[in-house]
Amino acid sequence: MQRKAYVTGIAALLAALLAGCTSGSGGDGPTDNANPGDTGTATVAAQPGKYRTLPEPCGVIDHDTLDSLLPGIKQLTDPEQRDRAYQGDATLTYNTDRKVGCRWKVESADATDRLAVDFERVVSYDNAVSDDDQAQKLFEEKETAADLPEPGSATPSTSASSAGTATPTPTATPTPTATASDDASPSATETSPDATPTDLQPRVLSDLGDEAYLDDQLGSSGSTAEPRTVTVVFRTSNVVVTIEYEEQPTVTGTVPDSKEMQDRARDLASQLDDALGS
C-alpha cells in the first residue's frame, strides 16, 4: 500500500510540473510578441502652447494710447467720467483663462470712436494636434472670412470708373483736348473719397506676431456720415488677438482717414504683442 501511494505521488508531481512548463511557455510567446507591437504604436502627445494665461484686457492699454485712439477722452472735463472712459467695459466671459475682451466707446465733437480688443487662448483637445496648430486653424478661418484681396491685385475703385467715363470722345479729338482729358483723370481720383492707395488696402501683415492681417472697411450705418472700421488680427503661438477700431463722423460728408486709423490700430497691435511677451 505504501509503495502504491508513493508511485501515485510521483506521477502527480510530474503531471503538475509538466502542466506548469506548458502554460509558462505558451504565455511567454504572446507577451514577447506584444512588446514590439506596443512600442511601434506608441504616440507622442503634441506640445502645449506657450501661453497658459491671458492679460487683463481693460488694463493692458496705457492712457496715452487710448488718448490717441479715442480723442474724446481728453475732452471730458469730469474726472470721474474720464476715469470710467479709460477703464472700458469688460466683455462677459465664463472662462478668463481662455477668452477675455474689453470695449470702449467715446464721443467727441467730431466723431464717435469705438475700440474692441479680444484675446483668445486656444487649447487643443486632440493629442495629435498642438495648441499652436489649433490656433493657426482658428486664425486661418478668420482670415478666410475677411476675404482679403490677393497680394498685388489692384482693387477697382469708383474714382477710376469716374475718370474713365468723364472723358467721352464722340468725335475726332484734337491733341489739346486729349491733353485736357489726361489732366482730368488724376483730379477725379484725388477728389474721390473712395480712392484708397494700394498700400492701405486690406492685406497680410508680415511684421506682427507669427501671422497677422489687416482689414479696412468703409461702410454705411444708415446715417449721413459713413463709419470706417479697421480690424487687425494676429496670432502669437496659441493666442489669437483681435482689434476692431471704428470711427463714426458727426459731420455730413466726412470720411475717416484710412492711414491714420490703420497706423493707430497697428501701433496698438504691436503693444499688445509686446505685452504677451512674444
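## Disulfide, backbone outliers and nonpolar cores

The link between C58 and C102 is right-handed, with 105 degrees about the S-S bond. It joins distant parts of the chain: C58 lies in the loop between α1 (2-41) and α2 (63-69), whereas C102 belongs to strand β2 (residues 99-107), and the two cysteines are 44 residues apart. The structure is a predicted model. In this model the sulfur atoms of C58 and C102 are 2.0 Å apart; because a disulfide requires the two sulfur atoms to be within 2.5 Å, the pair qualifies as one. The count under this rule is one disulfide.

Both partners are shielded from solvent. C58 has a relative accessibility of 13% and therefore counts as buried, given that buried means under 20% relative accessible area. C102, at 0% relative accessibility, is likewise buried.

Two residues call for attention on account of their backbone geometry. Most residues other than glycine have a negative phi. D147, although not a glycine, has a positive phi of about 55 degrees. S237 is also a residue other than glycine with a positive phi, near 55 degrees. The table sets out the two cases.

| Residue | Phi | Location | Relative accessibility |
|---|---|---|---|
| D147 | about 55 degrees | loop between α4 (131-146) and α5 (158-165) | 62%, exposed |
| S237 | near 55 degrees | loop between β6 (228-236) and β7 (239-249) | 7%, buried |

Both residues are found in loops, D147 between α4 and α5 and S237 between β6 and β7. Their surroundings contrast: D147 counts as exposed because its relative accessibility is 62%, while S237 is buried, with a relative accessible area of 7%.

Turning to the interior, the largest nonpolar core has 34 residues, and those with the most contacts inside it are L115, V117, F119, I243 and L272. Two or more residues of this core are contributed by each of α2, α3 (79-87), β2, β3 (111-121), β5 (211-218), β6, β7 and α7 (258-276). Helix α7 supplies the largest share, six residues.

F119 illustrates the packing. Not counting residues up to four places away in sequence, F119 touches L54, P55, P57, V60, R98, K99, V100, V239, V240, V241, L272 and L276. Among these partners is L272, itself one of the residues with the most contacts inside the largest core.

Apart from the largest core lies another core, of nine residues, which includes V122, L138, A146 and Y213.

How values were computed
Residues numbered from 1 in each chain as written. Predicted model: local features only at pLDDT ≥ 70, side-chain atom pairs only at ≥ 80, totals over all residues. Heavy atoms only, no water. Helix = DSSP H or I, 4+ residues; strand = E, 2+ residues; numbered from the N terminus. Buried < 20%, exposed > 50% of the residue type's maximum accessible area, 1.4 Å probe, protein only. Core = buried A, V, L, I, M, F, W, Y, C linked by side-chain atoms within 4.5 Å. Contact = heavy atoms within 4.5 Å.
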